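Student: Please take me through one part of this model slowly, residue by residue where that helps. I would like to follow a single stretch of the chain and see how its pieces sit.

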Amino acid sequence: MQWYWWLLIIFWTGGFGWVVDNVRTALRNRHTRRLELLEAGKQERLAVEAAHRPPEPVCGCTHHLAKHDRQGKCHELVEVPTAWDEQKKPVRFESGQCNCQQYVGPQPLSQVYADELTDLA
Ligand SMILES: [Zn+2]
Ligand SMILES: [Zn+2]
């Protein structure tokens, strides 16, 4: 029998389909894995970037650290409601000072170092 008969027999019995399917699955798996690797790399890069970026120094009163004085008291002007309607929705506002007494947000790195230095001295 000639060698190509074997090829024909495999082809007829669906052997080729099996081989093609396997190759296709293998290729697809490799493709998915590469996408996953790319995705993981991206996530890692984002995490590293986030870790290196200092957090926004924003206080619990929603005002920036710069609005607080050395004692931590907030000087930002806020709208203080002075009158409410039946639904308890404020209808009139007066400008007043934020009554935050202490900055509680994240400290910028430069400030943390400065504090440590003053502690030592
Ligand atoms: Zn405030
Ligand atoms: Zn505050």
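Tutor: Start with Thr-62, which is found in the loop between helix 2 (15–52) and strand 1. The model is predicted, and what follows is read from it. Thr-62 has a positive phi of about 75° although it is not a glycine. Most residues other than glycine have a negative phi. As for its surroundings, Thr-62 has 13 other C-beta atoms within 10 Å, so it counts as partly exposed; the exposed class ends at 12 or fewer.

After that loop comes strand 1, residues 77–84. The number of buried residues among the eight of strand 1 is zero, so this strand lies largely in the open. Strand 2, residues 90–97, is hardly covered either: among its eight residues the count of buried ones is zero.

These two strands belong together. Strand 1 and strand 2 pair in the antiparallel sense, over seven bridges. Two positions let you trace the pairing on the structure. Val-78 has Gly-96 in strand 2 as its bridge partner, and Ala-83 stands opposite Arg-92 in strand 2. Moving from Val-78 to Ala-83 along strand 1, you go from Gly-96 to Arg-92 in strand 2, as the antiparallel sense requires.

Strand 1 and strand 2 form a hairpin with five residues between the strands. Lys-88 lies in this loop. Its phi is near 60°, a positive value in a residue other than glycine. Lys-88 has 7 other C-beta atoms within 10 Å and is therefore exposed, since the limit for that class is 12 or fewer.

Past the hairpin, look at Tyr-103, in the loop between strand 2 and helix 3 (109–120). Is Tyr-103 buried or exposed? Tyr-103 has 24 other C-beta atoms within 10 Å, so it is buried; the buried class begins at 20 or more.

Which residues does Tyr-103 contact, leaving aside its neighbours within four places in sequence? They are Cys-59, Leu-65, His-68 and Gly-72. Another residue to find is Lys-67: Tyr-103 and Lys-67 are 36 residues apart in sequence, while their C-alpha atoms are 9.3 Å apart in space.

To put the part together: the hairpin strands have zero buried residues in strand 1 and zero in strand 2, Lys-88 in the loop between them is exposed, and Tyr-103, in the loop after strand 2, is buried.

Definitions and conventions:
Residues numbered from 1 in each chain as written. Chains lettered and ligands numbered in written order. Predicted model: local features only at pLDDT ≥ 70, side-chain atom pairs only at ≥ 80, totals over all residues. Helix = DSSP H or I, 4+ residues; strand = E, 2+ residues; numbered from the N terminus. Pairing = 2+ DSSP bridges. Contact = placed C-beta atoms within 7 Å.
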